Amino acid sequence: MASLTLKNVKKRFGHVEVLKGIDIAIDDGDFLVLVGPSGCGKSTLLNMIAGLDSISDGDVSIGDAVINDLHPADRDIAMVFQSYALYPNMTVSQNISFGLEMRKVPKPERDKKIGDVSAMLQIEHLLKRKPGQLSGGQRQRVAMGRALVRDPKIFLFDEPLSNLDAKLRVDMRTEIKRLHQRLNATIVYVTHDQIEAMTLATKIAVMKDGELQQLGSPAQVYDDPANTFVATFMGSPSMNLIDAKVEAANTGIVQLVLEGYDGRPQLVSLDCTVRGLEGYVGKTVHLGVRPEDITESDREGVDTLTCKVDVTEPTGADTYVITSLGGKEVVARMPANAGLKAGDITELRFNPEKLVLFDTKTGHRIR
Ligand SMILES: Nc1ncnc2c1ncn2[C@@H]1O[C@H](COP(=O)(O)OP(=O)(O)O)[C@@H](O)[C@H]1O
Ligand SMILES: [Mg+2]
């Protein structure tokens, strides 16, 4: 296993720059998830690490060695694709051992590895079957088995679960996480699914349009988003962004004015420190608050907001309460027994410790 460093990595297809200078460093044993909307350059970056796409600029290093010019076969990397890419005419056992045979690993050692890996993935009973006789989830396991027997420096996964149905996807996600905990492997994993990213990663790289938006732990990316893109991409339902005018920004207390449900301005004083906000007094900012950080308040007062319930959506465990503030729809995640219904006027409280403010022009977090 090994660390991985990307230094100012760029990719051009003809005149089009699809990766615009990516800097990422992960440690040995990290589980890095590259997440972002379709087309943002995740697969291209993964393919460059694998050696399947050339590197237009910058350096990719495994451990201390720059591998830009190393042939894919010499990079000691194993890759699992979304399409599984199994050989249809070979049995499961042959599919798993093929790479080892190519490397001239002696048969007894091959058999031992197949035994170990198939036990780990619970596919021992499938070893004599061909891919056509397997379900999607079983094929996915075989594809993982083929990577695992290699014992490589780094595992690369490109959306390995996106062809599976919802239930199986969740099961396999847990299995991949368990595998990572057991092997302590270095993994780079591509997905467009922010929940997969949050649940699996030790480090998340959020990408958009070929640029890295933020690199951090799942908690950092979720609680301290660098900009409005990261704030709204990570988390479901999305973080609410409400337009608010900064009235005063003294140390410890921020006063904001926003348009209430009745169209009239409401003043809210928040007991939170946001450095650098003095320059925004008199200006409008985006106030970011996650649905779970909005609660009902039993009093009227400084830090509560009067809202009118527009719609309620019970999901079983929680109820989403939809209201509007600052001219925008605001979603609150409340307990199932919250007891609010459409048309109710209620006092809501935003958890001041979790509020974030963004510059409306740049989208950058104001800290
Ligand atoms: N071989 C190629 N030639 C030209 N453009 C490409 C090629 N491969 C990918 N692209 C473009 O690069 C961008 C990133 O693609 P990709 O890495 O597949 O995105 P993602 O995996 O995030 O969905 C897209 O705009 C895509 O059209
Ligand atoms: Mg892709």
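Among contacts in the chain between residues at least 6 apart in sequence, what percentage join residues at least 24 apart? The figure is 68%. Keep that in mind as you go through the notes below, and remember that this is a predicted model.

1. **The whole chain.** Let's start with the overview. The chain has 367 residues, and 49% of them count as buried. Its secondary structure comes to eight helices and 22 strands. If you draw a box around the C-alpha atoms along the principal axes, the box is roughly 75 × 45 × 35 Å.

2. **Two helices side by side.** Have a look at helix α4, residues 136-148, and helix α5, residues 166-183. When two helices pack, people describe the pair by the angle between the axes and the distance between the axes. Here the angle is about 20° and the axes lie 11 Å apart. Angles under 35 degrees count as roughly parallel, and α4 and α5 are therefore roughly parallel to each other. The crossing of α4 past α5 is right-handed.

3. **Who touches whom.** On the α4 side, the contact is made by Gly137, Gln140, Arg141, Met144 and Leu148. On the α5 side you'll find Leu168, Met172, Glu175, Ile176, Leu179 and Leu183. Sorted by type, the residues of this contact come out as seven nonpolar, two polar and two charged. If you wonder about the spacing of those numbers, here is a handy rule: an α-helix has 3.6 residues a turn, so residues three or four places apart point the same way.

4. **A loop residue worth a click.** Where does Leu161 lie? Look in the loop between β7 (154-158) and α5. Is Leu161 buried or exposed? Its relative accessibility is 0%, so Leu161 counts as buried. Leaving aside neighbours within four places in sequence, Leu161 is in contact with Gln140, Arg169, Met172, Arg173, Ile176, Tyr189 and Glu196. Of these, Gln140 sits 21 residues away from Leu161 in sequence, yet the two C-alpha atoms are 7.8 Å apart in space. You have already met Gln140 in the contact of α4 with α5, and Met172 and Ile176 belong to that contact too.

5. **Helix α2 and its cover.** Now move to helix α2, residues 92-102. Its buried residues are Val92, Asn95, Ile96, Ser97 and Leu100. What covers the buried residues of α2? The cover includes α3 (107-121) and α4, so α4 turns up again here. After α2 comes Lys104, which has a positive phi near 60°.

6. **The sheet around β18.** Strands of a sheet pair through backbone hydrogen bonds, either parallel or antiparallel. In this part of the chain, three strands make an open sheet in the order β17-β18-β19, with antiparallel pairing. The edges are β17 and β19, each of which pairs on one side only. On average, neighbouring strands of this sheet are turned by 25° against each other, direction ignored. Why is β18 (residues 318-325) said to be largely enclosed by the rest of the structure? Because seven of its eight residues are buried.

7. **Pairs and turns in that sheet.** Strand β17 covers residues 311-314 and pairs with β18 over four bridges. You can check the register yourself: Pro314 is opposite Thr319, while Thr312 has Val321 as its bridge partner. The hairpin of β17 and β18 has three residues between the strands, and Gly316 there takes a positive phi near 110°. On the other side of β18, eight bridges link it to β19, residues 328-335. Thr323 stands opposite Val330 in this pairing. The hairpin of β18 and β19 has two residues between the strands, and Gly326 in the turn shows a positive phi of about 55°.

8. **Another three-stranded sheet.** Finally, find the open sheet with the order β15-β20-β16, which is antiparallel as well. Which are its edge strands? They are β15 (294-296) and β16 (304-308), each pairing on one side only. Neighbouring strands in this sheet are turned by 45° against each other on average, direction ignored. Strand β20 runs over residues 345-350 and is joined to β15 by three bridges. Within that pairing, Thr295 is opposite Arg349.

Terms used:
Residues numbered from 1 in each chain as written. Chains lettered and ligands numbered in written order. Predicted model: local features only at pLDDT ≥ 70, side-chain atom pairs only at ≥ 80, totals over all residues. Heavy atoms only, no water. Axes fitted to C-alpha atoms, helices over the stretch in contact; angles between N-to-C directions. Parallel < 35°, antiparallel > 145°, perpendicular 65-115°, else oblique. Left-handed = near helix turned anticlockwise from the far one by under 90°. Contact = heavy atoms within 4.5 Å. Nonpolar A, V, L, I, M, F, W, Y, C, P; charged D, E, K, R; others polar. Buried < 20%, exposed > 50% of the residue type's maximum accessible area, 1.4 Å probe, protein only. Pairing = 2+ DSSP bridges.
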